Amino acid sequence: MQHAQLTLISHPLCPFVQRAAIVLLEKNVPFERIDVDLAAKPDWFLALSPMGKVPLLKVERPGRADAILFESMAICEYLNETQGGVSLYSNDALCRAQQRAWAEFGVAALADAWQFLNAKSLAIADSKKAAFRDKLQRLEGSLDQAPYFAGAAFGMVDAVFAPVFRYFDLLSPAVSEPIFEDLPGVSAWRVSLANRPSVIAAVRVDYAERFQLHLVKQQAILSSSVR
């Protein structure tokens, strides 16, 4: 079976793009990646993206117009269903539904983490750090296997949380370690994800430098804490 040619339209820092990239890499699917400047969105991108956001996945179809997918989970679901290899969801319907629910939970966790990282005041940073840690504590109670969320097999929930945990791998231990303190399951999961080849390859080699520059531009109080 010949796979359609795939192009991932992305931004170097977008965590939602990373989800799609991780799934593509897990599925061992060749793809082209095109970064866009979201501060000066090109006309061709705006013509393709209904919401003006990344990621987009362009699916080339011989003899037909290219198909454009938007929204990261829709892209990830499509890739999981159409590409070879092991499914990133359980074969059991109940477990599969639970995994989708935890993937949605990852959106809320990402929001808290992002607001913590970009906070311009200590009050906001402390508030969002507490909210994020609360979500980690809820995750801790749901992790009873290793090394990944559902056990031995890497899955969609892992693809969702890997970009979230990546931020804290970039911060100095003095900042990141207290957030994960007394959470052995989540901490071990975070390490497993950081070492996964697809997670490593989902970002550019200059990701840390780009992220620090972003925090400096945002005047975030954590801008000097990136290693």
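The exercises below, each with a worked solution, concern a predicted model.

**Exercise 1. The strands around S1**

Task: Determine in which sense S1 pairs with S2 and in which sense S1 pairs with S3, and name bridge partners for each pairing.

Solution: Begin with S1 and S2, which pair in the parallel sense over four bridges. Within this pairing Thr 7 stands opposite Glu 32 in S2, and Ser 10 has Asp 35 as its bridge partner in S2. Turn next to strand S3, residues 56-60, which pairs with S1 in the antiparallel sense over five bridges; here the partner of Leu 8 is Leu 57 in S3. The connection from S1 to S2 can then be added, since S1, helix H1 (residues 15-26) and S2 make a right-handed β-α-β unit.

Task: Explain why S1 (residues 5-10) can be described as largely enclosed by the rest of the structure.

Solution: The cut-off for a buried residue is a relative accessible area under 20%. Five of the six residues of S1 are buried, and therefore the strand is largely enclosed by the rest of the structure.

**Exercise 2. From S3 to S4**

Task: Describe how S3 is joined to strand S4 (residues 67-70), and state what is noted about Gly 63 in the turn.

Solution: The two strands run antiparallel and are joined by four bridges, and one of the bridge partnerships is that of Lys 58 with Ile 68 in S4. S3 and S4 form a hairpin with six residues between them, and in the turn Gly 63 has a positive phi of about 80 degrees.

**Exercise 3. The surroundings of Asp 35**

Task: Locate Asp 35, decide whether its side is best called buried, exposed or partly exposed, and identify its polar side-chain partners.

Solution: Asp 35 belongs to strand S2, which covers residues 32-35. Its relative accessible area is 29%; because buried requires under 20% and exposed requires over 50%, with partly exposed in between, Asp 35 is classed as partly exposed. Once neighbours within four places in sequence are left aside, Asp 35 is in contact with Ser 10, His 11, Pro 12 and Arg 204. Two of these contacts can be specified further: the side chain of Asp 35 makes a polar contact of 2.3 Å with the side chain of Ser 10, and a polar contact of 3.0 Å joins the side chains of Asp 35 and Arg 204. For the separation from Leu 8, the C-alpha to C-alpha distance is 8.4 Å, although Asp 35 and Leu 8 are 27 residues apart in sequence.

**Exercise 4. Aromatic pairs and charges over rings**

Task: State how many aromatic pairs the structure holds, and then characterise the pair of Phe 161 and Trp 189 by its geometry.

Solution: The structure holds 17 aromatic pairs. Phe 161 and Trp 189 form a tilted pair, with 5.2 Å from centre to centre and 50 degrees between the planes. The pair links distant parts of the chain, as Phe 161 is in helix H6 (residues 156-170) and Trp 189 is in helix H8 (residues 184-194), 28 residues apart. Both Phe 161 and Trp 189 are buried.

Task: Characterise the pair of Phe 165 and Phe 180 in the same terms.

Solution: Phe 165 and Phe 180 form an edge-to-face pair, at 5.9 Å centre to centre and with 70 degrees between the planes. Phe 165 lies in helix H6 and Phe 180 in helix H7 (residues 173-180), so this pair ties together parts that are 15 residues apart in sequence. Phe 165 is buried, as is Phe 180. These residues also belong to one aromatic cluster, whose members include Trp 102, Phe 105, Phe 161, Phe 165, Phe 180 and Trp 189.

Task: Identify the arginines that lie over the faces of Tyr 89 and Tyr 207.

Solution: Over the face of Tyr 89 lies Arg 100, at 4.4 Å from the ring centre, while Arg 166 lies over the face of Tyr 207, at 5.7 Å from the ring centre.

**Exercise 5. The setting of Ser 225**

Task: Place Ser 225 in the chain and decide whether Ser 225 is buried or exposed.

Solution: Ser 225 is found in the segment after helix H10 (207-217). With a relative accessible area of 13%, Ser 225 is buried. Not counting residues up to four places away in sequence, Ser 225 touches Leu 170, Leu 171, Ser 172 and Val 175.

How values were computed:
Residues numbered from 1 in each chain as written. Heavy atoms only, no water. Buried < 20%, exposed > 50% of the residue type's maximum accessible area, 1.4 Å probe, protein only. Contact = heavy atoms within 4.5 Å. Polar contact = N/O pair within 3.5 Å; in protein donor to acceptor, adjacent residues only side chain to side chain. Pairing = 2+ DSSP bridges. Right-handed = clockwise from strand over helix to strand, strands pointing away. Phe/Tyr/Trp six-rings, centres within 6.5 Å; stacked < 30°, edge-to-face > 60°. Lys NZ or Arg CZ within 6 Å of the ring centre and 35° of its normal.
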